[in-house]
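Colleague: Could you walk me through this model, one question at a time?
Modeller: Gladly; here it is.

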Amino acid sequence: MPDDDPPRGATRDAELVVLAAGGSEHAFRTLYRAYVRPVYWLAHGLVGNPADAEEVTQETFLVAWRKLPGLELAGDSLLPWLATICRFQSANRVRRQRRDRLHTAAAADEDLPSTVDVEQQVIDEDLADAILREVAGLGELDRAIFRLCATEGYAYQAAADELGVAHGVVRNRLSRIRTRLRTVVKEST
């Protein structure tokens with residue numbers, strides 16, 4: 001029987017676990033192919049959607065890869081061990097999502113004003129339009145620097161590398177851009 005498509009079974013799983021624990025990517029890949037579908041369907045049943053199930057499946061096999069060197073296969077198959085890891089990873093994902101939802105909901109409640117100030121909304125819209133006009137009037141390099149640093153959060157050096165200019169060029173131009181925009185804000189308020 002060719003080594004590329006080994007049969008599943010107690011001795012074969014045990015052999016593959018020993019080889020994979022020793023660093024054999026081929027052995028681990030064989031185990032992955034043999035068990036990825038059952039692990040995915042277990043994860044899907046636990047987390048409830050395909051995207052999260054795929055993430056949990058990948059996390060399961062990543063944890064398995066790291067823990068294989070200490071594993072002593074107790075049964076005929078690697079699947080029960082993988083299923084245990086999958087359950088833990090699924091529970092972690094569900095807890096993390098629940099915590100994120102609660103945090104996001106609490107933050108959203110704190111950010112909502114108790115009343116709507118229409119006059120302030122008009123002023124804010126006018127100010128935003130003035131800033132956008134000022135940015136549109138910048139040169140091409142200055143607009144790119146503003147987009148990368150102010151909008152996308154790039155550091156000076158990362159923006160300089162992206163644009164093919166020196167760090168000092170980005171720092172100095174961004175300083176001038178900010179000064180211009182502060183002037184626009186002061187004039188609009």
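What follows is a set of questions and answers about the fold, its cores, its helix pairs and a few single residues.

Colleague: Before we start, what kind of model is this, and how are residues numbered?
Modeller: This is a predicted model, where local features need pLDDT of at least 70, side-chain atom pairs count only at pLDDT 80 or more, and totals for chains, interfaces and linings use all residues. Side-chain values use heavy atoms, with hydrogens and water left out, and residues are numbered from 1 along each chain as its sequence is written.

Colleague: How many helices and strands does the protein have?
Modeller: Elements here are DSSP runs, numbered from the N terminus: helices are H or I with at least four residues, strands are E with at least two. From the N terminus on, the order reads α-α-α-α-α-α-α-α. The total is eight helices and zero strands.

Colleague: What percentage of the protein's residues is buried?
Modeller: Buried means under 20% relative accessible area, exposed over 50%, and partly exposed in between, with a 1.4 Å probe and protein chains only. Of the 189 residues in the protein, the buried share is 27%.

Colleague: Which element gives the most residues to the largest nonpolar core?
Modeller: A nonpolar core is a set of buried Ala, Val, Leu, Ile, Met, Phe, Trp, Tyr and Cys residues joined through side-chain atoms within 4.5 Å. The largest one has 23 residues, and Leu31, Phe61, Leu78 and Leu82 touch the most other members. Two or more residues come from each of α1 (10–21), α2 (25–47), α3 (50–67) and α4 (79–111). With nine residues, the element giving the most is α2.

Colleague: And which residues does Leu31 contact, beyond its neighbours within four places in sequence?
Modeller: Contact means heavy atoms within 4.5 Å. Leaving those neighbours aside, the partners of Leu31 are Asp13, Leu16, Val17, Ala20, Phe61 and Leu78.

Colleague: How many residues are in the other core, apart from that one?
Modeller: Its members include Cys149, Ala159, Ala160 and Val170. The count for this other core is seven residues.

Colleague: Are α2 and α3 oblique or roughly parallel, and what is the hand of their crossing?
Modeller: Axes are lines fitted to C-alpha atoms, for helices over the stretch in contact, and angles run from 0 to 180 degrees between N-to-C directions. The axes of α2 and α3 come within 8 Å and cross at roughly 140°. Under 35 degrees counts as roughly parallel, over 145 as roughly antiparallel, 65 to 115 as roughly perpendicular and the rest as oblique, so α2 and α3 are oblique to each other. A crossing is left-handed if the near helix is turned anticlockwise from the far one by less than a right angle and right-handed if clockwise, and for α2 passing α3 it is right-handed.

Colleague: Is Ser90 buried or exposed?
Modeller: Ser90 sits in helix α4. Not counting residues up to four places away in sequence, Ser90 touches Ala43, Leu46, Val47 and Val56. Because its relative accessibility is 2%, Ser90 counts as buried.

Colleague: How far apart are the C-alpha atoms of Arg87 and Val56?
Modeller: Arg87 also belongs to helix α4, and at 46% relative accessibility Arg87 counts as partly exposed. Arg87 and Val56 are 31 residues apart along the chain, and their C-alpha atoms are separated by 9.0 Å.

Colleague: What distance does α6 reach from its first C-alpha to its last?
Modeller: Helix α6 covers residues 140–151, which is 12 residues. The expected span of a helix is 1.5 Å times one less than its number of residues, and for α6 that is 16 Å. Close to this, α6 reaches 15 Å.

Colleague: At what angle do α6 and α7 cross?
Modeller: Leu141, Ala144, Ile145, Leu148 and Cys149 of α6 make the contact with Tyr156, Ala159, Glu162 and Leu163 of α7. The crossing is right-handed, and α6 is oblique to α7. Their axes come within 10 Å, and the angle is roughly 135°.

Colleague: Is Tyr156 buried or partly exposed?
Modeller: Tyr156 lies in helix α7. Beyond four places away in sequence, Tyr156 touches Cys149, His167, Val170, Arg171, Leu174 and Arg178. With a relative accessible area of 28%, Tyr156 is partly exposed.
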